[in-house]
Amino acid sequence: MHSTLPFLLAMIAAIVLLEMWARKLKIAYPILLVVAGLLISFIPGLPMVKINPDLIFFIFLPPLLFEASWSVSFKEMKKWWRIIGSFAFLVVFFTAFSVAIITNYFIPGFSIALGFLLGGIVSPPDAVSTSAITSFVKIPKSFSAILQGESLMNDASSLIIFRFAVIAVGTGQFIWHEAATTFLWMVIGGAGIGLLLGWIFVKFQKLLPTDAPSDIALTLIEPYFMYWIAEELHCSGVLAVVAGGLYMSVKRLVFLNSTSRVRGYSVWESFIFILNGIVFLVIGLELPEIVQGLRVKGIPLSTAIGYGVMVTVVLIVARIISSYVAMLATIIFRPNVAPSGASSNRTRLTMPLLLGWTGMRGVVSLAAALAIPAVMANGADFPFRNLILFITFVVILLTLVVQGLTLPYILKRGKFFTAFLEEPEEETRQRIKHGLRETNYRFLKDKFDHEHDPGLQKLLKIWEAKIETTGQEGMNEKTKTILIEMLDHQRRYLSELNKDPSITEELIRTQLYQIDLEEERLKAI
């Protein structure tokens with residue numbers, strides 16, 4: 001324990017340093033993490049990190065999926081549900097099927113069941129990687145919502161395929177009618193249990209006198225409860241977390257106060273960041289053992305790398321083909337659903353290619369690969385486990401490095417989104433602000449206009465003046481800089497004031513927190 005704890009702390013420190021380096025280099029941090037996971041495996045003398053495959057899903061997946069469901073726009077998901085749904089189920093199955101056929105043909109002894117197992121592992125794109133990479137370029141909100149929603153739902157559908165494939169490999173048989181019934185129960189039961197538990201949690205936190213620490217603590221354990229209860233009832237724990245997380249995300253203003261939301265966002269952001277980094281580094285630490293297992297089975301390293309490249313090509317091609325099929329189906333059956341800017345032939349031909357190039361793999365694939373049991377129920381070693389783990393790592397490495405590094409360049413140089421007629425973000429922001437000013441003024445005027453309190457009358461005049469102020473007249477960069485400098489001056493004043501023994505430090509810290517919130521508000525203007 002005394003030797004492991006410093007090593008785990010060093011891992012977290014390395015993750016933080018790599019993220020800072022990635023920001024300096026202006027590349028997505030998952031790319032550096034996965035490369036570091038590869039390089040760290042060559043350092044001699046590092047302790048072996050072992051994670052029980054039965055616990056890998058329960059430790060990592062519930063919080064990752066829960067946070068992703070809170071981050072995605074449910075409004076945009078409803079708008080683009082046809083595209084998201086097709087990629088979440090049809091494309092995942094087509095991708096897994098393609099991987100199964102190709103690997104069964106080219107890898108000696110690799111069965112169709114093992115091919116579906118590998119396909120289920122590597123088919124879901126990673127929402128974290130995609131968001132981190134596309135943050136360096138401007139893309140339409142609709143395109144971003146499709147990628148995030150697809151990644152979220154893909155996780156659920158691909159892991160269901162993974163579950164059935166593990167059973168088929170372990171038992172050596174696959175009964176279709178039983179599988180269909182089980183699949184329906186896993187999907188419907190998992191989503192239903194997630195929604196029910198989400199509703200219970202919302203009511204629970206709304207009725208009880210919780211504060212910010214207790215609210216945050218509850219949100220940390222709730223995804224684990226959703227996953228565990230659904231799995232105990234033989235449903236999809238993944239779908240339960242996704243459905244429950246989406247419901248609670250929509251209801252966040254009902255059961256969480258502003259303090260819980262502000263503090264909870266920072267806690268969850270740090271928690272998920274650490275989980276992502278740990279998973280990438282753990283697979284890197286296991287690489288020597290995986291490579292040794294390949295040698296024991298008589299599989300040369302060069303051959304295994306070739307298999308990984310082959311599966312990566314299959315994934316990219318299958319996704320591009322699926323994108324063109326989805327585009328063709330949309331044009332034929334639902335032409336009014338296509339974005340307004342996608343009317344030109346160039347856009348129609350290039351957008352599916354671009355969508356196919358956004359399929360970076362990441363944490364969910366790693367977690368699924370690590371969750372493959374080392375031995376089957378009969379005590380025999382799970383066939384090709386080390387090869388599947390190695391192929392998964394090669395797929396993640398290639399998609400993150402090759403696609404991840406080229407995607408921002410392609411987006412900038414290709415000018416794919418110039419045809420999309422979205423309202424400029426600054427205009428939208430100013431329109432929202434003006435609506436808020438009018439709403440505030442009407443509320444004060446309707447409620448307090450008849451009162452003659454000088455303070456209320458002064459407040460009415462302030463909001464009346466704000467309504468007459470346009471966005472350009474309100475706040476510019478110079479004014480914002482001066483105000484932020486003024487806030488720094490206030491912090492220095494409070495630091496000096498804190499030396500006064502008659503003033504408690506708690507009051508000083510409260511005022512400093514208010515200043516921090518005000519600075520965040522100014523930065524968002």
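A residue counts as buried when its relative accessible area is under 20%. With that in hand, welcome to this predicted model, a chain with 22 helices and zero strands. Of the 525 residues in the chain, 45% are buried. The points below start with the whole chain and then visit one helix, one cavity and one residue.

**The chain as a whole**

- The surface that the chain exposes comes to about 27,600 Å², and carbon and sulfur atoms supply 66% of that area.
- Contacts often link parts of the sequence that lie far along the chain from each other: among contacts between residues at least 6 apart in sequence, 82% join residues at least 24 apart.

**Helix α2**

- Helix α2 covers residues 29-40, twelve residues in total.
- From its first C-alpha to its last, α2 reaches 16 Å, which is close to the 16 Å expected at 1.5 Å a residue.
- This helix is mostly covered, with nine of its twelve residues buried.
- The buried set begins with a run from Tyr29 through Pro30, Ile31, Leu32 and Leu33 to Val34, and Ala36, Gly37 and Ile40 complete it.

**Cavities, and the second largest one**

- Searching the whole structure turns up four cavities of 30 Å³ or more.
- The second largest cavity has a volume of about 70 Å³.
- Three elements each give two or more residues to the lining of this second largest cavity: α8 (141-171), α10 (212-232) and α11 (237-250).
- Helix α8 gives the most to that lining, with three residues.
- If you would like to find the cavity in the structure, look for its lining residues: Phe57, Leu159, Ile160, Arg163, Met186, Tyr227, Glu231, Ser236, Gly237 and Val238.
- By type, the lining of the second largest cavity divides into six nonpolar, two polar and two charged residues.

**A closer look at Phe393**

- Phe393 sits in helix α17, which spans residues 385-414.
- The relative accessible area of Phe393 is 3%, so this residue is buried, given that the cut-off for buried is under 20%.
- Phe393 and Gly308 are 85 residues apart in sequence, yet in space their C-alpha atoms are 8.1 Å apart.

Definitions and conventions:
Residues are numbered from 1 along each chain as its sequence is written. This is a predicted model: local features need pLDDT of at least 70, side-chain atom pairs count only at pLDDT 80 or more; totals for chains, interfaces and linings use all residues. Side-chain values use heavy atoms; hydrogens and water are left out. Helices (H or I, at least four residues) and strands (E, at least two) are DSSP runs, numbered from the N terminus. The expected span of a helix is 1.5 Å times one less than its number of residues. Buried means under 20% relative accessible area, exposed over 50%, partly exposed in between (1.4 Å probe, protein chains only). On a 1 Å grid over the protein atoms alone, a cavity is a set of points where a 1.4 Å probe fits but cannot get out, and a pocket is an open set with protein on both sides within 12 Å along at least five of seven lines; lining residues have an atom within 4 Å of a point. Grid points are joined across faces, edges and corners, and a volume is the space filled by probe spheres set on the points. Ala, Val, Leu, Ile, Met, Phe, Trp, Tyr, Cys and Pro count as nonpolar, Asp, Glu, Lys and Arg as charged, and the others, Gly among them, as polar. Contact means heavy atoms within 4.5 Å. Accessible areas come from the Shrake-Rupley method with a 1.4 Å probe; for residues, only the protein chains shown count as cover.
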